[in-house]
Amino acid sequence: VAGPKGVYICDECIEVCTEIIEDEFNESQDDDQGINLIKPKEMKAFLDDIVASYTDIMERKIGSLNYDLLVRDDNDYDISRVEENGLCDLVADAYRTIGDTQTSFLNAGSVRNNLEAGDVTYNSILNILPYSNDIVTAKVRGQMILDALEFGVRILPDITAGFPQVSGITFHVNKDIPSSVKVDDNNQFVSVEGDRRVTDVKIGG
């Protein structure tokens, strides 16, 4: 992650900006008007100045932790993508509170880094949730929840960013049952064709 004083600009954003600028710069070489385009390094410096202006806000303490909340273990294995996880539970609970809903779903891949013990700042939150995902609320049938859970655990025991971290729901997964989830050419859910791996689903359980 790029950015001064612990404030974050996504490296991918820098790369995209650089590619766009380089493409436009190359195109301008054939332009008789000689358009003066900002260079990639100048653009990065410009963005760094913007980010630096938010340093005080981003370093503001908003809470504290007495122990680490981990999504990756010491071997960098992403444990949140195969089982329930404390940090993901915290995020899913927050989403449910913000949305004022009975339940919430969070794909494990949304939470990218560990949250270490000590002061928690806005930067800490940006570090674990770097993507600008929207919170969407909807009324759904119970069958849709069952299908969503079944779809989310279909890859187990292999890891998947789509593993469902939830709030307000309890369920059991039998990994000994082969997944019978049918997907389309875009890997989107179609149906469950056989026995279900997910059982004992309880809302507010």
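Helices and strands are runs in the DSSP assignment, numbered from the N terminus. In this predicted model, Thr 160 lies outside such runs, in the loop between α6 (142-152) and β4 (164-167). Thr 160 has a relative accessible area of 16% and is buried, because buried means under 20%. Setting aside residues up to four places away in sequence, Thr 160 touches Arg 81, Gly 152 and Ile 155.

**The chain as a whole**

The chain contains six helices and eight strands. Read from the N terminus, the order of elements is α-α-α-β-α-β-β-α-α-β-β-β-β-β. The chain has 205 residues, and 30% of them are buried. Among contacts with a separation of 6 or more, 64% join residues 24 or more positions apart. The exposed area comes to about 13400 Å², of which carbon and sulfur atoms supply 48%.

**Nonpolar cores and a surface patch**

In soluble globular proteins, nonpolar side chains tend to be buried together. Here the largest nonpolar core has 13 residues. Leu 87, Val 91, Leu 106, Val 111, Leu 115 and Ile 128 have the most contacts inside this core. Helix α4 (residues 86-99) gives the largest share of the core, four residues. Val 91 is in contact with Leu 106, Val 111, Ile 128 and Leu 129, leaving aside neighbours within four places in sequence. A second, separate core has eleven residues, including Val 82, Leu 149, Phe 163 and Ile 169.

Nonpolar residues also form a patch of about 690 Å² on the surface. The patch is made by Ile 38, Phe 46, Ile 50, Tyr 54, Ile 57, Ile 62, Tyr 122 and Ile 125. Two elements, α2 (40-52) and α5 (122-128), each give two or more residues to the patch. Ile 62 belongs to strand β1 (residues 61-65). The relative accessibility of Ile 62 is 42%, so Ile 62 counts as partly exposed.

**The aromatic pair**

A pair of aromatic rings is described by the distance of the centres and the angle of the planes. The whole structure has one aromatic pair. The ring centres of Phe 151 and Phe 189 are 6.1 Å apart. Their planes lie at 85°, so the pair is edge-to-face, since an angle over 60 degrees counts as such. Phe 151 is in helix α6 and Phe 189 in strand β7 (residues 189-192), so that the pair links parts of the chain 38 residues apart. Phe 151 is partly exposed at 21% relative accessibility, and Phe 189 is partly exposed at 30%.

**Salt bridges**

Side chains of opposite charge can pair when their charged atoms come close. A search of the whole structure finds six salt bridges. The table gives three pairs, among them one within a helix.

| Pair | N to O distance |
|---|---|
| Lys 44 and Asp 48 | 2.9 Å |
| Asp 119 and Lys 61 | 3.4 Å |
| Asp 76 and Arg 72 | 3.6 Å |

Lys 44 and Asp 48 both lie in helix α2, four residues apart, which is about one turn of the helix. Lys 44 is partly exposed at 32% relative accessibility, whereas Asp 48 is buried at 16%. Asp 119 in strand β3 (residues 118-121) and Lys 61 in strand β1 are 58 residues apart, and their pair links distant parts of the chain. Asp 119 is exposed, with a relative accessible area of 52%, and Lys 61 is exposed, also with 52%. Asp 76 counts as exposed at 55% relative accessibility. Salt bridges with shared partners join Arg 72, Asp 76, Asp 78 and Arg 81 into one network.

Technical notes:
Residues numbered from 1 in each chain as written. Predicted model: local features only at pLDDT ≥ 70, side-chain atom pairs only at ≥ 80, totals over all residues. Heavy atoms only, no water. Buried < 20%, exposed > 50% of the residue type's maximum accessible area, 1.4 Å probe, protein only. Contact = heavy atoms within 4.5 Å. Core = buried A, V, L, I, M, F, W, Y, C linked by side-chain atoms within 4.5 Å. Patch = residues over 30% accessible without salt bridge, like charges linked within 9 Å, V, L, I, M, F, W, Y side chains within 5 Å. Areas by Shrake-Rupley, 256 points an atom, 1.4 Å probe, with all protein chains shown as cover. Salt bridge = Lys/Arg side-chain N within 4 Å of Asp/Glu carboxyl O. Phe/Tyr/Trp six-rings, centres within 6.5 Å; stacked < 30°, edge-to-face > 60°.
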